[in-house]
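This report describes the overall fold of one protein chain and then turns to its interior. Please keep the sequence and the structure in view while reading.

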Amino acid sequence: MNFFPFFSIANDPLVSSREFIEDLGKKVISEISDPKIERSTRKLNFRKIYFEAFDNKYITKFVLGRHWKAIDSNTKNEFLDSFNEYIIQVYAPKFKGWNGEFKTISSTNIKKNLYLVEMLLINKKNTTSNLKLDWRIYLNKKNKFQIIDVNINGVSMLITQRAEFA
């Protein structure tokens, strides 16, 4: 098992893409979900994981859509910072006390360097609340995976955020 998913990729990207998501899940459980973790530490840990695993610039550009081209570089940077802070403030607390596991089902190469990793988010407290997640990730020029979208039970994070900010 690869415990440094953000720094190295094995020869088979289908296997590596699954390991990347599984390792991400382990990090979330150990560094974010433990209820004993202080609120500020939880947010710092989430911030670190978010910036390592997600392509936040791509996500931000997608969320702004056509408006991205219409704003100057200072406004783009301000929005990027504000949007990233918003994501951290909203999502970090959601994992507090979560007791479950991340189990990947499959990985598919959608097109060059773009992969879809299907997984189950298994809630140990309530098995009827398991979620199916589809992670869209790509292998960047530095040979690192980065997440560009998460579909939770068929609902895209990118589309949802774009609708919220429209």
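Helices and strands are here runs assigned by DSSP, with at least four residues for a helix and at least two for a strand, and they are numbered from the N terminus. In this predicted model, the chain contains five helices and five strands. Read from the N terminus, their order is α-α-α-α-β-β-β-β-β-α. The radius of gyration is 16 Å, close to the 15 Å that the globule rule gives for 166 residues, so the chain is as compact as a globular protein of that length.

The table lists overall values for the chain.

| Property | Value |
|---|---|
| Box filled by the C-alpha atoms, along the principal axes | roughly 45 × 40 × 30 Å |
| Share of the 166 residues that count as buried | 44% |
| Accessible surface | about 9600 Å² |
| Part of that surface belonging to carbon and sulfur atoms | 55% |

Helix α1 covers residues 13-33. From its first C-alpha to its last it reaches 28 Å, close to the expected 30 Å. At the N-terminal end of α1, D12 acts as a cap, with a side-chain oxygen 3.0 Å from the backbone nitrogen of L14.

The largest nonpolar core comprises 34 residues, and those with the most contacts inside it are I21, F54, W135, I137 and I147. Elements that give two or more residues to this core include α1, α2, β3 and β4. Helix α1 provides the largest share, five residues. Leaving aside residues up to four places away in sequence, F54 touches I49, I59, W135, Q146, I147 and V150.

Definitions and conventions. Residues numbered from 1 in each chain as written. Predicted model: local features only at pLDDT ≥ 70, side-chain atom pairs only at ≥ 80, totals over all residues. Heavy atoms only, no water. Expected span 1.5 Å × (residues − 1). Polar contact = N/O pair within 3.5 Å; in protein donor to acceptor, adjacent residues only side chain to side chain. Core = buried A, V, L, I, M, F, W, Y, C linked by side-chain atoms within 4.5 Å. Buried < 20%, exposed > 50% of the residue type's maximum accessible area, 1.4 Å probe, protein only. Contact = heavy atoms within 4.5 Å. Rg over C-alpha atoms; globule rule 2.2 N^0.38 Å. Areas by Shrake-Rupley, 256 points an atom, 1.4 Å probe, with all protein chains shown as cover.
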